[in-house]
Amino acid sequence: MYNEIKLEKGLYNLAGKSFSQALEEADPTENYKDSPLCGLDAFERQLKRFGIRVKGRDCDKVEKFFAATESAVLFPEFVRRAVVQGMEESVLPQLVAVKTVCEGNQYRGYTVSETDSYLDGTAQGTALPETSILESDNNIQLVKYGRLVTASYEAVRLQKLDVFTLTMRSIGKKLADAISSAAVTALKTGAASVSAAGELSFDDVTKLFSQFSDYSMKSMIVSPKNAALILSMEQVRDSVTVDENGNVILPFGTKLIKSSQIGDDSVIGFDSSYALEYITSSDLVMETDKLIDRQLDTFTVSVNLAFKKVINDSVKVLKLA
């Protein structure tokens, strides 16, 4: 049962497992399908075990985690989840088609090249057109993105957990926004481009849309200035829609992504199902011992990652004057 699990620092250091995975292995969620605890994962059941309320009217303070030696072990995972939640609220997840976890800080993917069109038939006795998948010539070097957080225990111990969560979420969102800049660079690199005649117009947007043949322009990432300009266009203003997730959908079905990580000099259209590979050597890394021992004076959150275009033809760039 969840209230019999032995919580200790070593659960953060099991090879090939995260803290949450270790808890789930010791206390499988599937065992609670028909119980009042249905809907909670193993970590959330531990919060319930120690009576730690992380939100709502009766939200606890940070010091509640440190009321017992075992409950203190939960604090780093609580912080990690808050940071990850903030990262997921950024535009980054909307840019990524696939995520790859690799060992080490270098990654060697592959390149794809094709001869002839898929539309052409092949006469009997003639070689079929070829798609070549070859190992890349160069390794991709992963880069560390992170933040050093300084916060004394005395400064935060009496803060409500929902307020502290908000702060950690903010750090995660800003970190992911910075990472998104690298994703935008990867999307643009080597992509085919067209030029606008002058100031961005609806004709330019449709010209970018027309460049896609084998793939769809499912998404378009633009600067805040250009997003406002597009939404003010007469052809867009009267027919724009918003989907169930709050995303702005343009008249031709493209999701409009606003980000300060792209400049005013370009617009990127891409097929979000094919364009970008997110490569990382680990999930978010944190200094767990310091957090457990209430040594919050300085602790780091970081992730090693890189981006690689998967299908080059799934991205087109509109260059603005």
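Is Q141 buried, partly exposed or exposed, and what is its relative accessible area? In this predicted model, Q141 is partly exposed, because its relative accessible area of 46% falls between the 20% limit for buried residues and the 50% limit for exposed ones. The residue belongs to strand β5, which comprises residues 140–141. When residues up to four places away in sequence are set aside, Q141 touches N105, Q106 and A306. Two of these neighbours are also reached through polar atoms of the Q141 side chain. A polar atom of that side chain lies 3.2 Å from the backbone oxygen of N105, and a polar contact of 3.0 Å links the side chains of Q141 and Q106. With respect to G190, which is 49 residues away along the chain, the C-alpha atom of Q141 is separated by 18 Å.

The overall organisation of the chain is considered next. The protein chain contains eleven helices and 16 strands. Its C-alpha trace spans about 70 × 55 × 40 Å along the principal axes. Of the 321 residues in the chain, 41% are buried. Contacts between residues at least 6 apart in sequence were also examined, and 77% of them join residues at least 24 apart.

A306, one of the residues touched by Q141, lies in strand β15, where A306 stands opposite I279. Strand β15 covers residues 299–309 and is mostly covered, with ten of its eleven residues buried. Several strands pair with β15 in the antiparallel sense. Strand β6, residues 143–149, does so over seven bridges, and within this pairing V143 has L305 of β15 as its bridge partner. Strand β13, residues 276–280, is joined to β15 by five bridges, again in the antiparallel sense. Strand β14, formed by residues 285–286, is an antiparallel partner of β15 over two bridges; here M286 stands opposite V301.

A further group of seven strands forms an open sheet of mixed pairing, in the order β7-β16-β12-β8-β11-β10-β9. The edges of this sheet are β7 (192–195) and β9 (241–242), each of which pairs on one side only. Within the sheet, strand β8 (residues 219–222) and strand β12 (residues 266–270) run antiparallel and are joined by three bridges. In this pair, M220 stands opposite G269 of β12. Helix α8, residues 202–210, packs on the sheet and touches β7, β8, β12 and β16 (315–319). The direction of α8 makes about 155° with that of β16.

The nonpolar interior was then examined. The largest nonpolar core has 64 residues, and those with the most contacts inside it are F65, F75, V79, L95, I268, F270 and F307. Helix α7, which spans residues 161–188, gives the most to this core, contributing eleven residues. For F65, the neighbours beyond four places in sequence are L47, I52, S71, A72, L74, F75, F78 and L161. Apart from this core lies another, of 19 residues, which includes V205, F212, M217 and M233.

Helix α7 also holds D177. D177 counts as buried because its relative accessibility is 17%, and residues under 20% are classed in this way. Excluding neighbours within four places in sequence, the residues in contact with D177 are S90, V91 and Q261.

Helix α1 provides a further case of burial. In this helix, which runs over residues 19–26, F19, S20, A22 and L23 are buried. Viewed down the axis of α1, the buried residues fall within an arc of 160°, so they line one face of the helix. An α-helix has 3.6 residues a turn, so residues three or four places apart point the same way. The buried residues of α1 pack against two other helices, α2 (42–49) and α4 (75–88).

Notes. Residues numbered from 1 in each chain as written. Predicted model: local features only at pLDDT ≥ 70, side-chain atom pairs only at ≥ 80, totals over all residues. Heavy atoms only, no water. Buried < 20%, exposed > 50% of the residue type's maximum accessible area, 1.4 Å probe, protein only. Helix = DSSP H or I, 4+ residues; strand = E, 2+ residues; numbered from the N terminus. Arc of directions from axis to C-beta. Contact = heavy atoms within 4.5 Å. Pairing = 2+ DSSP bridges. Core = buried A, V, L, I, M, F, W, Y, C linked by side-chain atoms within 4.5 Å. Axes fitted to C-alpha atoms, helices over the stretch in contact; angles between N-to-C directions. Polar contact = N/O pair within 3.5 Å; in protein donor to acceptor, adjacent residues only side chain to side chain.
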